[in-house]
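Please report on the fold of this chain. Cover its overall dimensions, its surface and any unusual backbone angles.

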Amino acid sequence: MPDVVAGGLRVLFCGINPGLMTAATGHHFARPGNRFWPVLHLSGFTPRLLKPAEQEELLSYGLGITNVVARATARADELTAREYQEGGRLLAEKVTRLKPRWLAVVGVTAYRAAFDDRKAAVGPQERLIGDTRVWVLPNPSGLNAHWTAATMAEEFARLRVAAED
């Protein structure tokens, strides 16, 4: 699954891993029930609701997308602890190279596993990767019933405001 990245982004969003629909289409967060694209718009990151096929347009807003783990699965719980750890190492290398202002990991469980931070919660983290700040966002998967699109958009908007400073 190719990343949508460039150097010096405002925010590099990082999914857990590609779902099967994403892998099949080549577009991030492509499953119809995934709330990433609507929440991105509702939070003010994009001026209109983008379709997954328009993912390259994110770059014009200073945004990008990557994943913690490259392997596509039907569900994130199919990933191993070793895959998360290696993914965290590779992600840190990517962030060091690309130097985004913020890394936004969507999914607190994935962040905890990738960076061995069992106490992490949604929101800004103390960790820096080089000069890049880190924010953990709720997982926009339709399987995440703990967050509505509206409450997710509020958290994404907190990051958007921080990224504008």
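How many helices and strands does the secondary structure of the chain come to? This is a predicted model, and its chain has 5 helices and 5 strands. Their order along the sequence is β-α-α-β-α-β-α-β-β-α.

Next, the overall dimensions. The chain has 165 residues and a radius of gyration of 14 Å, which agrees with the value near 15 Å for a compact globule. The C-alpha trace spans about 35 × 35 × 30 Å along its principal axes. Within the chain, 48% of the 165 residues count as buried. Take the contacts between residues at least 6 apart in sequence: 69% of them join residues at least 24 apart.

Now the surface and the charges. About 8100 Å² of the chain is exposed, and carbon and sulfur atoms supply 54% of that area. The chain carries 20 positive and 17 negative charges. The mean positions of these two sets are 1 Å apart.

Finally, the backbone. Most residues other than glycine have a negative phi. Lys 99 has a positive phi without being a glycine. Asp 116 also has a positive phi and is not a glycine. Both are placed in loops.

| Residue | Phi | Loop between | Relative accessibility |
|---|---|---|---|
| Lys 99 | about 55° | helix H3 (81-98) and strand E3 (102-106) | 59% |
| Asp 116 | about 50° | helix H4 (108-115) and strand E4 (123-129) | 61% |

Are these two residues buried or exposed? Exposed means over 50% relative accessible area. Lys 99 is at 59%, so it counts as exposed. Asp 116 is at 61%, so it counts as exposed too.

Key. Residues numbered from 1 in each chain as written. Predicted model: local features only at pLDDT ≥ 70, side-chain atom pairs only at ≥ 80, totals over all residues. Heavy atoms only, no water. Helix = DSSP H or I, 4+ residues; strand = E, 2+ residues; numbered from the N terminus. Rg over C-alpha atoms; globule rule 2.2 N^0.38 Å. Buried < 20%, exposed > 50% of the residue type's maximum accessible area, 1.4 Å probe, protein only. Contact = heavy atoms within 4.5 Å. Areas by Shrake-Rupley, 256 points an atom, 1.4 Å probe, with all protein chains shown as cover. Lys, Arg positive; Asp, Glu negative; His and termini not counted. Charge placed at Lys NZ, Arg CZ, Asp CG, Glu CD.
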